[in-house]
Amino acid sequence: MLSTDFSARSRRVAVSPTMKVAADAMRLKAQGVDVVDFGAGEPDFPTPDHIGAAAKRAIDAHFTKYTNNSGTDDLKRAVLERYRADYGIDYSTAEVIITAGGKQALYNAVMVLFGPGDEVITHSPGWPTLVEQIKLAEASPVIVHAHAEDGFALHAESFIAAITPRTRGIILNSPANPTGALITESELTAIARECAKRGIWILVDLCYERLIYDPVPHNLPAVLTRELRDRSVLCCSASKAYAMTGWRCGWALAPAPVISAANAIQSHSTSNVCSISQKATEAALRGPQGCVTDMLEEYRRRRDQLFQWLSADPRIRLVKPAGAFYMFPDVSEFLSPDGVRTSAELATALLSDVQVAVTPGEAFDAPGFLRLSYATSLTELERGSKRILQYLDSLQPARI
Ligand SMILES: Cc1ncc(COP(=O)(O)O)c(C=O)c1O
């Protein structure tokens with residue numbers, strides 16, 4: 001019998017449910033099943049050519065050895081210049097670390113800042129990794145709930161009300177996965193002022209920062225730099241903006257002592273990010289940014305079209321996402337104790353019965369919802385939404 005007497009830490013976490021959907025869909029596709037995949041949390045676009053070309057040049061120049069553990073100075077400077085240009089903030093190379101995606105930027109920060117006895121506030125519906133990382137640090141997650149009725153808005157008063165004497169940090173994700181909602185600059189300012197008074201850290205997950213559809217003010221880095229520079233960590237990524245998910249490159253901007261502690265942790269876990277990926281990311285950050293806006297325009301077309309298709313059934317309640325590339329419909333009208341009982345069952349049925357991969361709301365602490373990624377072609381979105389609508393109709397033929 002295989003042994004499973006693993007550590008308490010490992011028993012506290014399960015594999016990411018979003019990755020499980022992707023794996024199930026991949027398995028069916030490998031068997032030749034015609035799956036329409038709305039599960040993927042990654043751009044369907046290829047990485048832009050100029051970025052790939054920089055990586056090829058790095059290989060040809062034999063730039064294939066260890067780099068500085070915290071990243072190359074060239075890439076750090078490219079990050080700092082990008083953030084100076086985009087947000088008007090000034091950080092030094094001692095205040096940035098290059099990480100294996102935004103996920104490791106967050107992981108490092110959580111491990112540096114939180115531990116047993118600490119409460120860390122985050123929000124739901126939310127990306128499951130944030131809660132799991134808090135648990136891995138042996139801290140306690142405290143969840144603030146956002147609601148579809150007000151567009152999944154994140155309100156400062158809810159976060160402030162959740163603060164206790166044990167609160168050590170707040171982790172915010174904007175644009176948010178899975179809702180696409182944005183926190184406003186004024187709500188963040190109010191949270192940051194409270195945190196400044198009470199000595200609480202704010203970590204902000206900005207992985208979708210470049211994917212915002214309307215020109216609304218969303219200069220969260222400037223807000224945090226102004227209000228709470230000594231206790232803020234900005235966690236960011238090349239993955240979603242530049243269609244670089246597989247390259248595994250992200251970064252964190254934070255006070256130098258946090259970066260130095262994160263560097264120590266990283267030096268005993270993954271070491272430096274792949275040298276070739278670092279060259280590619282430098283090209284992404286320094287090169288023409290039109291590729292980002294072109295992809296964003298295509299996501300916008302898809303968002304608007306998918307919203308229109310799904311709106312054909314008034315029982316599907318929809319909020320139009322302001323950012324990222326996920327639609328998060330409320331499908332609770334279709335659930336019943338003697339039929340499909342939960343959104344998790346609905347997601348399983350959609351994959352097995354009509355071969356559409358979606359992620360159930362349960363994965364984001366939001367039962368009754370489904371997450372549909374529209375990082376896929378309009379043709380696929382049309383095929384998939386037809387299948388979903390037909391399937392939902394078969395559950396409840398009588399329209400309201
Ligand atoms: C909200 C959010 N943050 C961070 C990440 C991490 O992405 P990466 O590690 O590829 O930068 C993801 C990926 O899905 C995400 O959805």
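Is glutamate 138 buried, partly exposed or exposed? In this predicted model, glutamate 138 counts as partly exposed, because its relative accessibility is 40% and that class covers the range between 20% and 50%. The residue is found in the loop between helix H6 (128–136) and strand S4 (140–145). The backbone of glutamate 138 also deserves a look, as its phi is near 65 degrees, a positive value in a residue other than glycine.

A second residue with this backbone feature is histidine 62, whose phi is near 60 degrees and thus positive in a residue that is not glycine. Histidine 62 has its place in the loop between H3 and H4. With a relative accessible area of 63%, histidine 62 is classed as exposed, because the value is over 50%. For context, most residues other than glycine have a negative phi, and most peptide bonds are trans.

The peptide bonds themselves offer two further points of interest. The bond from serine 174 to proline 175 is cis, with omega near -10 degrees, and proline 175 is found in the loop between strand S5 (167–173) and helix H8 (185–198). Asparagine 177 and proline 178 are likewise joined by a cis peptide bond, here with omega of about 15 degrees. Proline 178 is also placed in the loop between S5 and H8.

Asparagine 177 leads directly to the ligand: an N or O atom in the side chain of asparagine 177 lies 2.8 Å from an oxygen atom of the ligand. Taken alone, the ligand exposes 390 Å², and the protein buries 92% of that area. Two other residues offer polar atoms to ligand oxygen. For serine 239, a polar side-chain atom is 2.6 Å from an oxygen atom of the ligand. For lysine 103, the partner is a polar backbone atom, and the distance to a ligand oxygen is 3.1 Å.

The wider surroundings of the ligand can be described in the same spirit. The ligand is surrounded by 13 residues, and the closest are Gly102, Asp205, Ser237, Ser239 and Lys240. Sorted by class, this shell holds 3 nonpolar, 6 polar and 4 charged residues. Helix H5 (residues 101–113) gives the most to the shell, with 3 residues. The space that the ligand takes is the largest pocket.

Away from the ligand, two buried threonines make side-chain contacts that are worth following. Threonine 67 lies in the loop between helix H3 (49–60) and helix H4 (73–87). Its relative accessibility is 14%, so threonine 67 counts as buried, the cut-off being under 20%. The side chain of threonine 67 makes a polar contact of 2.9 Å with the side chain of glutamine 278. Threonine 245, in turn, has its place in the loop between strand S7 (232–237) and strand S8 (250–253). Threonine 245 is buried because its relative accessible area, 17%, is under 20%. A polar contact of 2.5 Å joins the side chain of threonine 245 to that of glutamate 42.

Buried positions can also be viewed through C-alpha distances. Alanine 363 lies in the loop between strand S11 (359–360) and strand S12 (370–373), and its relative accessible area of 11% makes this residue buried. The C-alpha atoms of alanine 363 and tryptophan 127 are separated by 8.0 Å, while the two residues are 236 residues apart along the chain. Isoleucine 89 is found in the loop between H4 and strand S2 (96–99), and is buried with a relative accessible area of 3%. From isoleucine 89 to arginine 226, the C-alpha to C-alpha distance is 9.1 Å, and the two are 137 residues apart in sequence.

Isoleucine 121 adds a case from a strand, as this residue lies in S3 (residues 119–124). The relative accessible area of isoleucine 121 is 0%, so the residue is buried. Between the C-alpha atoms of isoleucine 121 and valine 35, which are 86 residues apart along the chain, the separation is 37 Å.

Key
Residues numbered from 1 in each chain as written. Predicted model: local features only at pLDDT ≥ 70, side-chain atom pairs only at ≥ 80, totals over all residues. Heavy atoms only, no water. Near = heavy atom within 4 Å. Polar contact = N/O pair within 3.5 Å; in protein donor to acceptor, adjacent residues only side chain to side chain. Areas by Shrake-Rupley, 256 points an atom, 1.4 Å probe, with all protein chains shown as cover. 1 Å grid on protein atoms, 1.4 Å probe; cavity = no way out; pocket = protein on both sides within 12 Å on 5 of 7 lines; lining within 4 Å. Sits in = over half its atoms within 2 Å of the grid points. Helix = DSSP H or I, 4+ residues; strand = E, 2+ residues; numbered from the N terminus. Nonpolar A, V, L, I, M, F, W, Y, C, P; charged D, E, K, R; others polar. Buried < 20%, exposed > 50% of the residue type's maximum accessible area, 1.4 Å probe, protein only.
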